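Please load the model in a viewer and keep the selection panel open. The tour proceeds one selection at a time.

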Amino acid sequence: MQITRTVADSSIEESLKLLQSLGKEKEIIQLKNNIKSHSETYTFQNKPKLQSWEDIVKEAEEYSPHIVTFEDILSDKELADSFAEREQIIKTFKEKTGIINKTDLTFLAIAIGLQVTKSLLFPMIASKFNYGESFDKTTRLAHDDNSIKTAQREANNQFRDEKLQNHEKGHWTNLLYQTPPYDITRGAKENDIYLGGGYHRLYTLGHDPILGWLFGTMNILTDVMTLNNFNSYRVTRNPMKITGEIVPIWTLFSESYELVKLDYLNLPAAIFAQAQHLKSDINTRLGLPVPLLSSFNENFASKLYKDNYDALCFSRDIKIVGTSFIISKLFDIIIGLVHGLFRTEQENIQQYEVRTRKILLISNMIASSSSIIYASILSNPKALDIGSLLNTVIHLVTDIRFIYKIQQEFITSEISKRMEQEIKEVDKLFYSF
């Protein structure tokens, strides 16, 4: 259209020159004056009328009610050109966010050095804190040691005496002193219930350091014993034994709720009794099992428990792994903050952050890989830096998602810029007359 208009303007100029050569100067001047005097009332007769976007969509839906895809409105060449344009934009984004300059490469080298060194030093430092080791039975008390019983009785008496100042005795006082139902083993064989003999703590949820706070408390309230497979059985007090009566899980919750409503001290007393029982068992020669594990992998939990690896060992190892994770995260924070100081005003802040995250992601992946290789060479699982692995997994989840989000925003922005330029060119054609 621009070419056509230029040609038309040129033709008009040539026509005017021709008329002047024919002596029509007077008529030309008269026509120009006439046009000038009526310029405000003249309109472009063939100027297209632009519809609103809503009207266009409505008209399109009436014309073609089925779903329209790109293949319906674009030729193969246009589709290929569109994808090629998108790939070009992605290439531009990668160039803008690539770790190719000296500063970024320096930070990447430093980050890799810190994380790899930390992962390789981890097994030597962790071993100083007995990481992954079982406990020594000789350092623990017997389950019926008098000091344990005395401390538990004194704590129960103190709780009872404090509550008796404002409340009378009741079922809640019995809960403090009676044997928890999940410590009763008599009647197990008769009812085909396997409790592992002296290792019954592994098979009862009341002894689980996490699930015990829920199931152990409900067991104490209702005189029900819940196993690690979540089957529950009623127990009796006289004689003290396990019965064959199966208690469905919803019944256990319902009975617990009714007892809690009956006396407001029943629940605090049951929770206190549960806490005291876990406290009395945790430092004994059998300790408490690793939390949750027996409900999901009984064989592995049993092997660990019988090898003297208990909840205290697990808690110690979790602290070591957590410390390793925190150190890896601190390295990330320091590298990220210092790298951010090198950003210039001309650099887009989001694109620069993509480069920072790439540095952290690559360094953590290399550190985790080196830790896995090192542990494999030594054939020693305890040499594996789990804290570093956890940090790497978090980076994989968060950083890749962030980079993808910024990339999509960049693509959308670039397409919008190009569309805006196209629209400006179209507007020139429509509104420049």
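Is Asp385 buried or exposed? The model is a predicted one, and in it Asp385 is buried, with a relative accessible area of 0%; the cut-off for this class is under 20%.

**First stop: Asp385**

Select Asp385, which is found in the loop that links helix 16 (349–378) to helix 17 (386–431). Next, display the side chain of Lys118: a polar contact joins this side chain to that of Asp385, at 2.9 Å. To complete the surroundings, add the residues that Asp385 touches beyond its neighbours within four places in sequence, namely Lys118, Ser119, Phe122, Ser324 and Ser371.

**Second stop: Lys424**

Move into helix 17 and select Lys424, which lies in that helix. Lys424 is partly exposed, its relative accessible area being 44%. A distance monitor from the C-alpha atom of Lys424 to that of Tyr63 should read 28 Å, for two residues that are 361 residues apart along the chain.

**Third stop: helix 10 and helix 11**

The remaining stops concern helix pairs. Two packed helices are described by the angle between their axes and the distance between the axes.

Select residues 212–222 for helix 10 and residues 249–262 for helix 11; the two pack at an angle of about 65 degrees, and their axes are 9 Å apart. Helix 10 and helix 11 are therefore roughly perpendicular to each other, a class that covers 65 to 115 degrees. The crossing of helix 10 past helix 11 is left-handed. To view the contact, show Leu214, Phe215, Met218, Asn219, Leu221 and Thr222 on helix 10, together with Ile249, Leu252, Phe253, Glu255, Ser256, Leu259 and Val260 on helix 11. Coloured by class, this contact comprises 9 nonpolar, 3 polar and 1 charged residues.

**Fourth stop: helix 7 and helix 12**

Now select residues 146–164, helix 7, and residues 266–282, helix 12; their axes come within 10 Å and cross at roughly 165 degrees. Helix 7 is therefore roughly antiparallel to helix 12, the class for angles over 145 degrees. Their crossing is right-handed. From helix 7, the contact draws on Ile148, Gln152, Ala155, Asn156 and Phe159, and from helix 12 on Pro268, Ala269, Phe272, Gln276, His277 and Ser280. How many residues of each class take part in the contact of helix 7 with helix 12? There are 6 nonpolar and 5 polar residues, and no charged ones.

Methods
Residues are numbered from 1 along each chain as its sequence is written. This is a predicted model: local features need pLDDT of at least 70, side-chain atom pairs count only at pLDDT 80 or more; totals for chains, interfaces and linings use all residues. Side-chain values use heavy atoms; hydrogens and water are left out. Axes are lines fitted to C-alpha atoms, for helices over the stretch in contact, and angles run from 0 to 180 degrees between N-to-C directions. Helices (H or I, at least four residues) and strands (E, at least two) are DSSP runs, numbered from the N terminus. Angles under 35 degrees count as roughly parallel, over 145 as roughly antiparallel, 65 to 115 as roughly perpendicular and the rest as oblique. A crossing is left-handed if the near helix is turned anticlockwise from the far one by less than a right angle, and right-handed if clockwise. Contact means heavy atoms within 4.5 Å. Ala, Val, Leu, Ile, Met, Phe, Trp, Tyr, Cys and Pro count as nonpolar, Asp, Glu, Lys and Arg as charged, and the others, Gly among them, as polar. Buried means under 20% relative accessible area, exposed over 50%, partly exposed in between (1.4 Å probe, protein chains only). A polar contact is a pair of N or O atoms within 3.5 Å; within protein, one must be able to donate a hydrogen and the other to accept it, and residues adjacent in sequence count only if both atoms are side-chain atoms.
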